[in-house]
2 protein chains.
Amino acid sequence: MKYIKKALENRTPYYSKMIDDGIILNANESAFKTPKKIIDLLKKELDNIDLRRYPDTDNLYVRERIAKSYNIDIKNVTCGVGSDQLLDCIFRSLIDDEYILACNPTFSMYKEYASYTNGKFIDIDFLDGFSYDVKTIKESIIKYNPKLVIICSPNNPTGSIMERNDLIDIIKLTKGVVLLDEAYSEFYKSNYDLALTYDNVIVLKTFSKAYALAGIRLGYAISSYDLIDTLNVVKPPYNLSTISQIAAGIAIENKALYKDQIDEIVSLKDKLYNDLVDLGLNPSKSYSNFIFLKLSDKVYENLLKNKIYIRKLMYNNELWYRINTGTSEENSILINKIKEAL
Amino acid sequence: MKYIKKALENRTPYYSKMIDDGIILNANESAFKTPKKIIDLLKKELDNIDLRRYPDTDNLYVRERIAKSYNIDIKNVTCGVGSDQLLDCIFRSLIDDEYILACNPTFSMYKEYASYTNGKFIDIDFLDGFSYDVKTIKESIIKYNPKLVIICSPNNPTGSIMERNDLIDIIKLTKGVVLLDEAYSEFYKSNYDLALTYDNVIVLKTFSKAYALAGIRLGYAISSYDLIDTLNVVKPPYNLSTISQIAAGIAIENKALYKDQIDEIVSLKDKLYNDLVDLGLNPSKSYSNFIFLKLSDKVYENLLKNKIYIRKLMYNNELWYRINTGTSEENSILINKIKEAL
């Protein structure tokens, strides 16, 4: 690339052909479609909105509904194009040449967005069985004084969770900011209230997983007024389409519609875990809608051949796989096709 | 803001209450609503798409339709959340501590996104009557060797255009990249083909103005394969909601629907210009859907009092105003309320 700036000259553009046929278990999306009622309400709204106008840059429609759902102040909420954009805002607004502490393996976009700053990563390994190594995390916070500590709970891709008392200890110990990424917390439980108790906590959440709305790209942060202001300094104006704002607002207003669906996803994931154990495999204990495990190349090839798509990830120089739960039928086919190639 | 990084400590977050009542002439939006047929086609598509899935990160649906509309290769196109996101990508991928040449006054977001880089701006004033000072631009390109030369044509907020032969001279003279921002070119004419003739040109376009779809936030760049790859290195994955991609695809596929609407907007702007001249004012000669001029505080206050919203801009330490054309009725009220306070 002739004109790219020096710091990026070894990068390559990201392209990825969309998969829309087969059993898609590679993106931690919901096993179930968006409830029809949400789509119907959205279609109705399309007759009322004036798409010629720029969206509300303050995102009031959706922020009001998010705030109401948690019974918090609207000024404790900001929204982005997925939680991804808020990650970018976090790194862009907070990090110069300072330390960032995160665990390994975790969501790959942290390092991607951090790469535009001068931040330096400290990676903390998980303990055996992928439980958080809280002791080493604490020691490293004392040693390095990181500007940002990232805890993803439930963690992508391992499904690990950090206990509330450990989270509180870490928040109290950190002089910088603690990012608690709760993209998957609807499948277990949320500690969002910590963002209102402590002034250095940002909780990130999304409509892409439990809300079955990855297509609208809307995530949100819950934090102190001061940190929300900080994110809004760098948040691009008019960042969210009017339609996405309304879709997310409708979804959270109707969150009762999702309750059974979420319970069902958790049961499906538990059954999938047991079925994988029964096959002699060693899946991670996950508190989310996905499972992390090692598989042979032969198994992976057999899944691909049968149009079953799971996520391949490099972890400690080995190939691992992340599989989100599908429906009961999809999981049965998955298990059969794994068995076939064992 | 306690945790914001040092380089940003003097910034303030951007908040802006949305105006949805009165005569709104402050955002260069279309004078006319999105054609009903576009909305109807979009609603129909909502029954077919699976919003639980992440959007196509390669944006094929909309890129195919854009490419077809210009009869160009899809690999010459990339899409962003408005052309704003592509501006951010341009600065992020190209600029380190290099010169950026732009004219003054112009679109304020150039400096906003450049502020996250170490780029240094060279501002070139317009000549009297806001025509481009091509001679000084050329001399400055030779003198400073800028990494990026920005030409907005028609220019926001002056409505000035740069002639094609001057554009070509500037492109040939520039060793870096020329950004030709054509957000408003549907109201005059486009030189998008220069992005395919020369390897150092990026043309930016948007659905927010002539296409009356500011609410979906979708812009696009036309450029060489190499520069499109460069932008895609830093473009966030899954940047565009599925619904926005489909809405823009439908709009450009049905661009014939907009022809009369665009012709009418140009006529309305011309009549508005003449009416302002008749009032003894000195509006800029504009090739877009808006007009730039000086007004007294008294006039501005009278417009506000009557819920007529225009854009206040600081230019060379003086207050100026940008007014986009409304409908015939809206323009009549505007002219009357200006007259009332002269």
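Among contacts in chain A between residues at least 6 apart in sequence, what share joins residues at least 24 apart? The share is 69%. Keep that in mind while looking through the close-ups below, and remember that this is a predicted model.

**View 1. Chain A as a whole.**
Here's the full chain before we zoom in. Chain A is built from 12 helices and 12 strands. Its C-alpha trace spans about 55 × 55 × 50 Å along the principal axes. For 342 residues, a compact globule would have a radius of gyration near 20 Å, and chain A, at 20 Å, agrees with that. As for the inside, 49% of the 342 residues of chain A count as buried.

**View 2. Where domain 1 of chain A meets domain 2.**
The domain assignment splits chain A into domain 1 (21-34 + 258-340) and domain 2 (37-256). Taken over C-alpha atoms, the centres of the two domains of chain A sit 25 Å apart. Across the boundary, 23 residues of domain 1 of chain A are in contact with 23 residues of domain 2 of chain A. On the domain 1 side, α10 (259-278), β9 (290-293) and β11 (311-315) of chain A each put in at least two residues. The largest share there comes from α10(A), with 4 residues. Sort the domain 1 side by class and you get 11 nonpolar, 7 polar and 5 charged residues.

**View 3. The contact between chain A and chain B.**
Now step out to the pair of chains. Each partner brings 69 residues to the contact: 69 from chain A and 69 from chain B. From chain A, the elements α1 (36-46), α3 (82-94), α8 (225-234) and α9 (242-253) each supply at least two residues of the side touching chain B. Look for α3(A) here, since it gives the largest share of that side, 7 residues. By class, the side of chain A that touches chain B holds 32 nonpolar, 17 polar and 20 charged residues.

**View 4. Around the rotation axis.**
Turn chain A by 180°, with a shift of 0.0 Å along the axis, and it can be laid on chain B with an RMSD of 0.0 Å. That's the relation of a two-fold axis. Both copies use the same surface: 100% of the contact residues of chain A recur in chain B. Which residue of chain A comes closest to the rotation axis? It's A:Lys43, whose C-alpha lies at 3.0 Å.

**View 5. The buried face of α8 in chain A.**
Helix α8 of chain A is among the elements on the side that touches chain B, and this close-up shows what it does within its own chain. The buried residues of α8(A) are A:Leu227, A:Ile228, A:Thr230, A:Leu231, A:Asn232 and A:Val234. These buried residues pack against β2 (77-80), α3, β6 (177-181), β7 (201-206) and β8 (219-223) of chain A.

**View 6. B:Tyr220 and its neighbours.**
We finish in chain B, where B:Tyr220 belongs to strand β8 (residues 219-223). Is B:Tyr220 buried or exposed? It counts as buried, because it has 23 C-beta neighbours inside 10 Å, and the cut-off for buried is 20 or more. Leaving out residues up to four places away in sequence, B:Tyr220 touches B:Ile66, B:Val77, B:Thr78, B:Cys79 and B:Lys205. Take B:Thr78: it's 142 residues from B:Tyr220 in sequence, yet their C-alpha atoms are 5.6 Å apart in space.

Key: Residues numbered from 1 in each chain as written. Chains lettered and ligands numbered in written order. Predicted model: local features only at pLDDT ≥ 70, side-chain atom pairs only at ≥ 80, totals over all residues. Domains from an automatic or database assignment. Contact = placed C-beta atoms within 7 Å. Nonpolar A, V, L, I, M, F, W, Y, C, P; charged D, E, K, R; others polar. Least-squares fit on C-alpha atoms with pLDDT ≥ 70 in both. Buried ≥ 20, exposed ≤ 12 C-beta atoms within 10 Å, placed from the backbone. Rg over C-alpha atoms; globule rule 2.2 N^0.38 Å.
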